[in-house]
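Could you walk me through how to read a protein model, one feature at a time? I'm new to this, so please start from the basics.

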Amino acid sequence: MAFIELTNIDAGYVKGHPVLKDFHLTVEKGELVSLLGPSGCGKTTTLRTIAGFIMAEQGKVLIGGKDNTPLPPNKRNIGLVFQNYALFPHLTVFDNIAYGLRRRKADKQVIPKKVTDVLKLVSLTGYEKRLPSQLSGGQRQRVALARSIVIEPDLLLLDEPLSNLDAKLRDEMRAELSRLQHQLGITMIYVTHDQIEALSLSSRIVVMNEGNIEQTGTPEDIYERPATPFVARFVGFDNHLSGKLAELQKGKTVMDINGSRFTSTRAVSESVKSSAAGEQVDVFFRPEDVILSREKTENCLEVEIDYINYQGNTSAYALLAGDTRIRAVIPGKPMETSGSMYLVIPPEKIIVEKG
Amino acid sequence: MKRSKFLLFITIIMFIFLLGPFVVIIVSSFGSEAVMRFPPKGFSTQWYEKVLNIEMFRKTFWVSLKTGLLATFTALLLGVPAAYANVRWRYPGKNAMEIMFSSPAIVPGLVVGFALLRFFIYVTQVPVMVGLYLGHTAILFPYTVRVVSASLRNFDEGIEEAAVSLGSSPLHAFFAVVFPNIRSGIAAAFILAFITSFNNVPISLFLTGPGVATLPIQMLIYMEYYFDPTISALSSIIIVITVIIVQAAEKMLGISKYV
């Protein structure tokens, strides 16, 4: 039995209109599972259902084998970290962190030691007497983290904890979170819409869309082998072309796009396996996986260059293949653009789904 | 440049319009003649002495103070939970409820006063002080709800949820985390409500009875018989005290963001 189990959950904000319908999720002890998806996909609803702020209309929430479904949030032993820190503005760093210990009637003698230890863990030793308003964003999030782990929760829930920080700080905090997770072995569920965060932190990623799970897998599974068009687009297969299926060979899909012949050597998807030649297919590929060439070769499409954005170590090309817009990101400076250009998509980089 | 001169002109006119009456009242209160006039003739402080010597003013001042404090306190006691429910909870009929909260502030005071008299005082036959207290509580309630709601809206709900996730019951979280952070909003509500009560005429007009009047009502009665600058002197005292209270509260609590 998994450490955390959500079974047959119906939950939402308005009774009778659940965001999650017949929702299942399992998390093993010590795992860091990310819920990844665009806003409105149900990831925060899932988190709030686990925390107890949303009472499931149906189904069960099991934490450590114990049925938590009817328990209010203050009776579940769960730590929460919010996007906007949610520190108590009128309390010092020390009192913020000690809050949960005091509510749990911890021994008065051990509170200072526990607070000191956890402050050391998040590298904030010496900040005990500060008020939240005297801290930077990164420091506030460290205090929030300290406050939620000092109570030794069964589970730590993080709701987009890094999205209020600037890019550099976000990288730093991400590394810090990863270190803490390994050091403490604490089970975490991490809600984010940022694929890089999910890919770099998680032992497992759950991609959600409109209250459903689109795919569950390791970061590599999700990034390399997206199972649905939605996941593919979400992890950066931004370019989309329509074509017709030509033939299915062993481990190969051959199709016809705008009169050019294309081969994909990726595992043939279930939806395509059942299709016949001549049927409509959708083709997805990443902007950074393509090559621009002056010569016509295999897997290529004649394109016009609309404009180029210089981005330092890469250049972003806006291309037109007939009416279809295609984005390409290519290392190096923008290239000379006279004459006809061909977009080459390596066969192992093309995802084909039934249209 | 032309445009900004025009704006300056309008601004000055507005200030004269708003502050002019106060200047007239304060200046005329120092006149030495027994008739209120502006500009006054001579200079004296005799009207201030007279204010302090008129027993009815002293007596009604206490009535106003007592009514104001009690009604404000009660309105806050009811208004804080109502504001909390109003801001934090979703329930059917919430919009209707919000309109109801604000209706006594929209409906003309005379109408509210008459309604209270006709359907409450006549029916229950409560003593005048009790009627006054209840009537004022009813008109102050919407003010407290609105001001406290504003400060609750400024307070991130996540902070409360953090307290709950750390083991507080919702009630404990309110007193340990929410209340300390909306104190200045509550203080603002207190001051606004108290001043509203202290200055109220239309409601008090219907609810006061033989032998019991509030200070503003007593001032009206006085003006029916005398037209000396005593009223100016009394008004000046009230103006100065109000300005001091509001200024002090603004300095200490920054209440202007809630009102």
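What follows is a chat between a learner and a teacher about this predicted model.

Q: Before we start, how are things labelled, and what kind of model is this?
A: Residues are numbered from 1 along each chain as its sequence is written, while chains are lettered from A and ligands numbered from 1 in the order in which they are written. It's a predicted model, where local features need pLDDT of at least 70, side-chain atom pairs count only at pLDDT 80 or more, and totals for chains, interfaces and linings use all residues.

Q: How many helices and strands does chain A have?
A: Helices (H or I, at least four residues) and strands (E, at least two) are DSSP runs, numbered from the N terminus. Chain A has nine helices and 20 strands. Its C-alpha atoms fill a box of roughly 75 × 45 × 35 Å along the principal axes.

Q: And what is chain B made of?
A: Chain B has twelve helices and zero strands. The C-alpha trace of chain B spans about 70 × 65 × 30 Å along its principal axes.

Q: What share of each chain is buried?
A: A residue is buried if 20 or more other C-beta atoms lie within 10 Å of its own, exposed if 12 or fewer, and partly exposed in between, with C-beta atoms placed from the backbone. In chain A, 38% of the 355 residues count as buried. For chain B, the figure is 35% of 259 residues.

Q: How do I read a sheet, and in what order do the strands of the open one in chain A lie?
A: Start with pairing: two strands pair if DSSP finds at least two bridges between them. Here, five strands of chain A form an open sheet in the order β15-β19-β16-β17-β18, with antiparallel pairing. At its edges stand β15 (291-293) and β18 (324-331) of chain A, each with a single partner strand, so one side of each has no neighbour in the sheet. From one strand to the next, the twist averages 45° (axes are lines fitted to C-alpha atoms, for helices over the stretch in contact, and angles run from 0 to 180 degrees between N-to-C directions).

Q: Which bridges can I look up at the two edges?
A: At one edge, three bridges join β15(A) to the antiparallel strand β19 (residues 341-344) of chain A. Leu292(A) has Leu343(A) as its bridge partner in β19(A). At the other, β17 (residues 314-321) of chain A pairs with β18(A) over eight bridges, again antiparallel. Ala321(A) stands opposite Thr324(A) in β18(A). The hairpin of β17(A) and β18(A) has two residues between the strands, and Gly322(A) takes a positive phi near 65° there.

Q: Now a helix: why do residues three or four places apart point the same way?
A: An α-helix has 3.6 residues a turn, so residues three or four places apart point the same way. Try α11 (residues 215-225) of chain B, where Leu215(B), Pro216(B) and Gln218(B) are buried. The buried residues of α11(B) fall within an arc of 155° (taken from the directions from the helix axis to the C-beta atoms), so they line one face of the helix. They pack against α3 (55-88), α9 (183-199) and α10 (202-207) of chain B.

Q: Last one: how many residues does each chain bring to the contact?
A: Two residues are in contact if their C-beta atoms, placed from the backbone, lie within 7 Å. Chain B brings 15 residues and chain A brings 17 residues. On the side of chain B that touches chain A, α7 (157-165) and α8 (170-181) of chain B are the elements giving two or more residues. The most come from α7(B), with seven residues.
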